[in-house]
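Subject: Structure for you to look at

Hello,

Here is the structure I said I would pass on. Please open it alongside this message; my notes follow below.

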Amino acid sequence: MKKIAGVLAAVLLTAFAAQAASAQTLKTVKDRGMLICGANGMLAGFGLPDAQGHWTGLDVDVCRAIAAAIFNDPNKVKFVPLTAKDRFTALQSSEVDVLVRNTTWTSSRDTSLGLNFTGVDYYDGQGFMVRKSLKVNSALELNGASICVQQGTTTELNLADFFRAHKMQLKSVTFATSNEAIKSYDAGRCDAYTTDASGLYAQRLRLANPDDHIILPEIISKEPLGPVVRQGDDQWFDIVKWVLFAMINAEELGITQKNVDSMLKSTNPAIKRFVGTEGNYGEQLGLTKDWAVRIVKLVGNYGEVFARNVGKDSQLKIDRGLNKLWNRGGIQYAPPIR
Ligand SMILES: N[C@@H](CCC(=O)N[C@@H](CS)C(=O)NCC(=O)O)C(=O)O
């Protein structure tokens, strides 16, 4: 019995030492007094600074929620705009602490780049936009069409797959940034523009005459978008993962920016665990008891953040669709806090 206890203690100590050795990011962020978040910078609804340099977006709010949980201040974030091509290098080289830039979780990105995806803040899929005057109603009618697309994205790869799978001829016209791609499409250089459906809604608003364009019904891929961290720091991985889970759980529990304070008096066990009046779940993450309260109070629950940035209260007015909670017909689902 003693022997087993000794071995167990040794295993636990080694595990603890390994964790302590790699748990650097939280300390770095705290010492710096600021989270550095890699974001889009060009995509309304996800990551875009205004003329005064104030950033908004769903991805941006995930970063603000991380800052809220750590600093009790959603403004302690510096946003670094990253292109599709540069985003992974910026995270690998520690230029940013976390990457939240409408980035699709794929097996190769998760396994071969030294990075880890932490969850899904938006379930997306790739679509096509065309001019109404082209009189095309389906992506399957795009045989031989020229398509504007951005380099370094899953978009480029899915486009080639889709045309090959349907034995259609593709003339892709590639660009380094989506700004160039959408401008060229607007100028008539391509018959169609393709990207994540969320991006189509955002970018249609920037066309000279948005009403002259339609989004075709086909969604040709799965694009689960989510925050990414470097491999090798499990504590940081857990923090980023559980900040997003807290936002989703808050919506499920009916905890909102407005009512979160009164929830501190709740007797519902799940709410008590969430707000920290029971248990020490925040401390287990390396944060404080009220970590999740801070997120909801300063940033909002997932539903509020969705509505404000991309949903009904935003310019984009995107339907919740797949991003509804699991118990309301969608697939957004977070493991429980307990
Ligand atoms: N989700 C895809 C596409 C991401 C992407 O970069 N989409 C474009 C169009 S919505 C974008 O955000 N472009 C901004 C830019 O870099 O110019 C991926 O992870 O590769």
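In what follows, Ala, Val, Leu, Ile, Met, Phe, Trp, Tyr, Cys and Pro count as nonpolar, Asp, Glu, Lys and Arg as charged, and the remaining residues, Gly among them, as polar. By that scheme, the lining of the largest cavity is made up of 15 polar, five nonpolar and four charged residues. Please keep in mind that this is a predicted model.

The cavity

The structure has one cavity of 30 Å³ or more. The space in this largest cavity comes to about 260 Å³. Its lining consists of 24 residues, and those nearest the centre are Asn40, Arg101, Asn102, Gln150 and Thr195. Helix α6 (154–165), strand β11 and helix α8 are the elements that contribute two or more residues to that lining.

Asn102, one of the residues nearest the cavity centre, sits in the loop between β5 (98–99) and α5 (107–112). Its phi is near 25 degrees, which is a positive value in a residue other than glycine. Asn102 counts as buried because its relative accessibility is 12%, and the cut-off for buried is under 20%.

The ligand

Which residues come nearest to the ligand? There are 21 residues around it, and the nearest are Asn40, Arg101, Thr104, Ser178 and Asp196. Asn40 and Arg101 are also among the residues that lie nearest the centre of the largest cavity.

Three polar contacts to the ligand are worth looking up in the model:

- Arg87: an N or O atom of its side chain is 2.8 Å from an oxygen atom of the ligand.
- Ser178: a polar backbone atom is 2.7 Å from an oxygen atom of the ligand.
- Asp196: a polar atom of the side chain is 2.7 Å from a nitrogen atom of the ligand.

Strand β8 and its partners

Asp196 also appears in the strand pairing, where this residue of β11 stands opposite Gln126. Strand β8 (residues 126–131) is joined to β11 (residues 192–196) by five bridges, and the two run antiparallel. Strand β8 also pairs with β12 (residues 213–215), again antiparallel, through three bridges. In that second pairing, Arg131 is opposite His213. Why is β8 described as largely enclosed by the rest of the structure? Five of its six residues are buried, so the strand is largely enclosed.

The pockets

The largest pocket holds about 280 Å³ of space. It is lined by 17 residues, with Tyr122, Asp124, Ala197, Ile219 and Ile318 closest to its centre. Strand β7 (122–124) and helix α8 (197–204) each provide at least two of the lining residues. Helix α8 is thus listed for this pocket as well as for the largest cavity. The pocket lining has 10 nonpolar, four polar and three charged residues.

The second largest pocket has a volume of about 210 Å³. Asn249, Glu252, Ala334, Pro336 and Ile337 are the closest to its centre among the 13 residues that line it. Helices α9 (234–253) and α10 (269–275) each give at least two residues to this lining. By class, the lining has nine nonpolar, three charged and one polar residue.

Some single residues

Asp97 lies in the loop between α4 (87–92) and β5. With a relative accessible area of 3%, Asp97 is buried. The side chains of Asp97 and Arg32 make a polar contact of 2.8 Å.

Asn309 belongs to helix α13 (residues 302–309), and at 9% relative accessibility it is buried. The side chain of Asn309 has two contacts with backbone atoms that you can check: the backbone nitrogen of Gly57 at 3.2 Å, and the backbone oxygen of Val305 at 2.9 Å from a polar atom of that side chain.

Is Asn72 buried, partly exposed or exposed? Asn72 counts as partly exposed, because its relative accessibility is 44%, and that class runs between the 20% limit for buried and the 50% limit for exposed. Asn72 is in the loop between α3 (58–71) and β4 (77–81). The phi of Asn72 is near 60 degrees, again a positive value in a residue other than glycine.

Regards

Methods:
Residues are numbered from 1 along each chain as its sequence is written. This is a predicted model: local features need pLDDT of at least 70, side-chain atom pairs count only at pLDDT 80 or more; totals for chains, interfaces and linings use all residues. Side-chain values use heavy atoms; hydrogens and water are left out. On a 1 Å grid over the protein atoms alone, a cavity is a set of points where a 1.4 Å probe fits but cannot get out, and a pocket is an open set with protein on both sides within 12 Å along at least five of seven lines; lining residues have an atom within 4 Å of a point. Grid points are joined across faces, edges and corners, and a volume is the space filled by probe spheres set on the points. Helices (H or I, at least four residues) and strands (E, at least two) are DSSP runs, numbered from the N terminus. Buried means under 20% relative accessible area, exposed over 50%, partly exposed in between (1.4 Å probe, protein chains only). Two strands pair if DSSP finds at least two bridges between them. A residue is near a molecule or strand if one of its heavy atoms lies within 4 Å of it. A polar contact is a pair of N or O atoms within 3.5 Å; within protein, one must be able to donate a hydrogen and the other to accept it, and residues adjacent in sequence count only if both atoms are side-chain atoms.
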